[in-house]
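I opened this notebook to keep a record of what I looked up, entry by entry. My plan is to take a few places in turn and write down what each one shows.

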Amino acid sequence: MDTRRLRQLEAFLRSAFTAEELRRIARYLPGGIALDAELPGPAASLAAFAHELVWALQRRGGITAELFEILADERSGRRAEITALQQEVLSAVADAGVADTASALEPEFDALPRANVGVFAGRADELARLDAAWDDPGTRLLSLVAWAGVGKSALVRHWLGRLEEDGWRGAEAAYGFSFRAQGMSGGDAGVEEFIEDALAYFGDDAPHQGTLRGRARRLTRLITSRRSLLVLDGLEVLQAPPTTLAGAGALREPTLGALLDTLVQEMNGLCLVTTRLPVQLAEASGEAAVVLALPRLDTASGVALLADKGVRGAEAELAAAVEELEGHALSLSLLGTYLAEVRAGDVRARHDLALLRAADEVDERARAMLAAYDAWLKPRERAVMRLVGLFDRPADAGAVAALRAEPVIAGLTDALDQVDDSGWCAALMLLRRAGLLSAAGAADDDQAASGGDIGRLEAHPLVRAYFAEALEREQPEAWRRGHERLYEHYLAAAPAVPTTLSALAELAQALRHGCFAGRRAEAYAEVYQGRILHGERDAVTRLGAFGLDLGALAGFFERRWDRPASELDRDGQAFVLEAAGFDLRALGRLRDARAPVLAALTRDQAEGRWAAAAEDAGVVSEIELLLGELEAATEHARHGVTLADRSGDSFQRAVRRSNLAEVLACRGELREAESLLKQADRLQKQRGQPYTTLYGLPGARMCELLMDRAAPLDGSAVSVASAAGPGLAEARQRCLAVRRRAETTLGWTRERGLSGFSVAFDRLSLGRALLGLWLLMRVQGRGPDDAEARATLAKAEDEFDAAVSELGRAGRDDMAPRALLARAGLYRLSGDVASARADVDAADDIARPAGMRLYVCDALLERARLALADEVGDWDQAHAAVDEARALVEELGYRRRAPALAILDSTLKRGRERS
């Protein structure tokens, strides 16, 4: 039915009656006694009671003419208003039918945290804001921001319940995911799992296939193709803390950041985020992104919450208790249940809690309440909570059963040794009533009592953290043995070799417990190297599981991401530094990626491993180059050359020179860059057959410089006409030379089975050369009907396509924009402006969130060319793109692009003169 009419009725009841008056009216309606049993208790607010009354009447078919007649008798002065409302509401009811539930949807919110709220206290304003956000097409993302325990989960659950009663108010898809439920210790908790699970929900045919960023783009299209409600809980585990350079709230994972930025612009519906810090979004988000800071409970709502828990006393005492805990919902809930269970509900007994009196901060008071509970709990219930403390996510039934199995773990499960299913169920019920465990899920306690699955055990993160710390502090051996039991359980449950994200996630969980169990060296050798990687680093790349891999690696660090665990040998420490740097770079976290590589550089230099140190310095330089930090990149690139020369390794000597050459070329120092590349080529020849020419990325650097000398032949050329004249023959020779080099090295890389990453750059170089030859044919007047020209262009496009695909399969988003922008140039020059724009957008989507400012500048220049590519150019867009690119060129010292800026400036100037 039209739920707006029911909300109108609800609003009228709130404006015309008190909660007590509505309760009296409800009792005298037909079936009033049964109806009263469904409604909230006396402590409920007017807003909550009015809402529950309307929807209870709707379910029971109680919205009738008799209801409105009773309302008119109670408020005779508003009879005309009530009559008009009656016509609208009863018409909507008649159209829909009493039994209408609008439940054709199958919303999926099982992954969201459950909340023990009893009567939902307060929050009428916040609920209204959520309603308004859903109804307003201009609001596409709402961030519900509050610190732990303030009540975000309870508010979201309550609002979703209201939405469900409203028939989901037009939502065509409704899905929720909790990043907190994926664990708090994994660095990039749950991004891969979220994307795969959400793709499956929204109907993707192959949710596990493709790169992480490619799957995220598919997911974005699916979400925005319908009116969707997306709830993302616990985003703070993926956000930078206030102490970082990125700033509080910046998303560490650029793929998710790009997805949210797109949803803010295009979503048809609402993305609701819960977090402790406002999310940093693109500046263009504007009014489409709303931040709703969830305040503490007001005094009246806090008193209502205590009363619902069974606390009694003078109104002033109850209000004082709320103020002492600063309206902190979790603390009040814990206090209320504790006083009801232990002190007969007397609010004055809170003064006996010495720890509570001594605590200064809200979090400290919550911990003080938990300490009081800990002392009050019987051994059976205390053991359950300490089991829960071993997990960093909801505890699944299989893992809990493994912990309870024989032999008992002294100090942990000995109190559960003789507890049968009935006793276990009773313990869970008590802990849930106390608010220490969240409400039961799909499998309830009655099912558990009959031997069924108990489902997961879930607790608030503050509660879980308290009992984890207590167990580790008081029973360190039980802590170790508990984690050891879980380590062995997850190892036994997981496939020997992970071929899916879920299998990899199980092994990553096992690693976490193995590290806490003091078995780091074994976990590294047998599980990480032996099973997760199973002998090849590409196993992680194939699954696109860089975030999960990073979570697995976290256990092998004493400090992330630059201090490996001392239990690992030298080679192991070097490997985890390298792997962490690789994962962070692949995830687009370039600034974070620098730390482990710098740590590896320091170690390798100290130990005299000069070739390894040279490679480290080169990787740091490449990261800094992408970030646009050209001075730092130059320093590390030069240092890499020095270290490589000291090592005597001809491969490193050649590659480090090519690295330095690229940095210098970006600074506009082309003469020295060309000299270095010639040196690198000579050093490569010294290695002997078959690799007598630079290949892969170093080879692409050489080819790119050769093409830069004939700039119009580059894939990002801005003018074909400028290739004409005396330089035409020389330009052709350069193109042919690059083609020969690329074809030769491509043959080597294929023959030797080298990585797709190397192959991608050889194909990129070949594509650039072929595009240049095609452009020369155009300058010579060979048009679209020329068979050779058509074949050359088609072959160039094939090579660019292959380069883009290979870099995607390699998971190298840090290099993908090079190929995308080159292919965009081909599309633009061949007249396919739409495809060119798509590639520029894809490159920009990768580069901006990750802070790859050189690529951002290149994308702006190509965007300006595209704006001028049509017969009627978009001069304003071209001007804006050129101005932003110029600012970057000047700020970064990216003088390599100065000629391109000059050509665009000249084109824009001619356009202004003509107009």
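**Entry 1: a helix position.** I began with Glu 662, whose place is in helix H31, residues 650-666, of this predicted model. I asked myself whether Glu 662 is buried or exposed. Its relative accessibility is 10%, and because buried means under 20%, Glu 662 counts as buried. Leaving aside neighbours within four places in sequence, I found Glu 662 in contact with Leu 625 and with Arg 701, Arg 818 and Arg 896.

**Entry 2: a second helix position.** I then turned to Thr 220, which lies in helix H10, residues 212-224. Thr 220 is at 8% relative accessibility and therefore counts as buried. Not counting residues up to four places away in sequence, Thr 220 touches Leu 259, Thr 262 and Leu 263.

**Entry 3: the sheet.** Next I traced an open sheet of five strands, paired in parallel, and wrote down its order as E2-E3-E4-E1-E5. Strand E2 (173-178) and strand E5 (289-293) are the edge strands, each pairing on one side only. Direction ignored, neighbouring strands of this sheet are turned against each other by 15 degrees on average. Helix H9, residues 191-201, packs on the sheet, where I found it touching E2 and strand E3 (228-233), and the direction of H9 makes about 160 degrees with that of E2.

**Entry 4: strand E4 and its partners.** Which strands pair with E4, and over how many bridges? Strand E1 (residues 141-145) pairs with strand E4 (residues 269-275) in the parallel sense over five bridges, and five bridges also join E3 to E4, which run parallel. On the E1 pairing, I noted that Leu 144 has Thr 274 as its bridge partner in E4, while Ser 143 stands opposite Val 273. For the pairing with E3, I noted Ser 228 opposite Gly 269 of E4.

I also checked how E4 is enclosed: seven of its seven residues are buried, so the strand is largely enclosed by the rest of the structure. In a regular strand, side chains alternate between the two faces of the sheet. In E4, Gly 269, Cys 271, Val 273 and Thr 275 point one way, Leu 270, Leu 272 and Thr 274 point the other way, and all are buried.

**Entry 5: aromatic rings.** A search of the whole structure gave me 17 aromatic pairs. One of them joins Tyr 466 and Phe 467, edge-to-face, at 5.0 Å centre to centre and with 90 degrees between the planes. Both partners are buried, Tyr 466 at 10% relative accessibility and Phe 467 with a relative accessible area of 0%. I also recorded one aromatic cluster formed by Tyr 524, Tyr 528, Phe 556 and Phe 575.

Two arginines went into this entry as well. The charged end of Arg 227 sits over the ring of Trp 134, 3.9 Å from the ring centre, and that of Arg 404 sits over the ring of Trp 424, 4.1 Å from the centre.

**Entry 6: nonpolar cores.** Which residues touch the most other members of the largest nonpolar core? Among its 227 residues they are Phe 194, Leu 260, Leu 436, Tyr 528 and Phe 556. Helix H35, residues 756-779, gives the most to this core, with 14 residues. Apart from it I found another core, of 28 residues, including Leu 9, Phe 12, Leu 57 and Ile 63. In soluble globular proteins, nonpolar side chains tend to be buried together.

Technical notes. Residues numbered from 1 in each chain as written. Predicted model: local features only at pLDDT ≥ 70, side-chain atom pairs only at ≥ 80, totals over all residues. Heavy atoms only, no water. Helix = DSSP H or I, 4+ residues; strand = E, 2+ residues; numbered from the N terminus. Buried < 20%, exposed > 50% of the residue type's maximum accessible area, 1.4 Å probe, protein only. Contact = heavy atoms within 4.5 Å. Pairing = 2+ DSSP bridges. Axes fitted to C-alpha atoms, helices over the stretch in contact; angles between N-to-C directions. Phe/Tyr/Trp six-rings, centres within 6.5 Å; stacked < 30°, edge-to-face > 60°. Lys NZ or Arg CZ within 6 Å of the ring centre and 35° of its normal. Core = buried A, V, L, I, M, F, W, Y, C linked by side-chain atoms within 4.5 Å.
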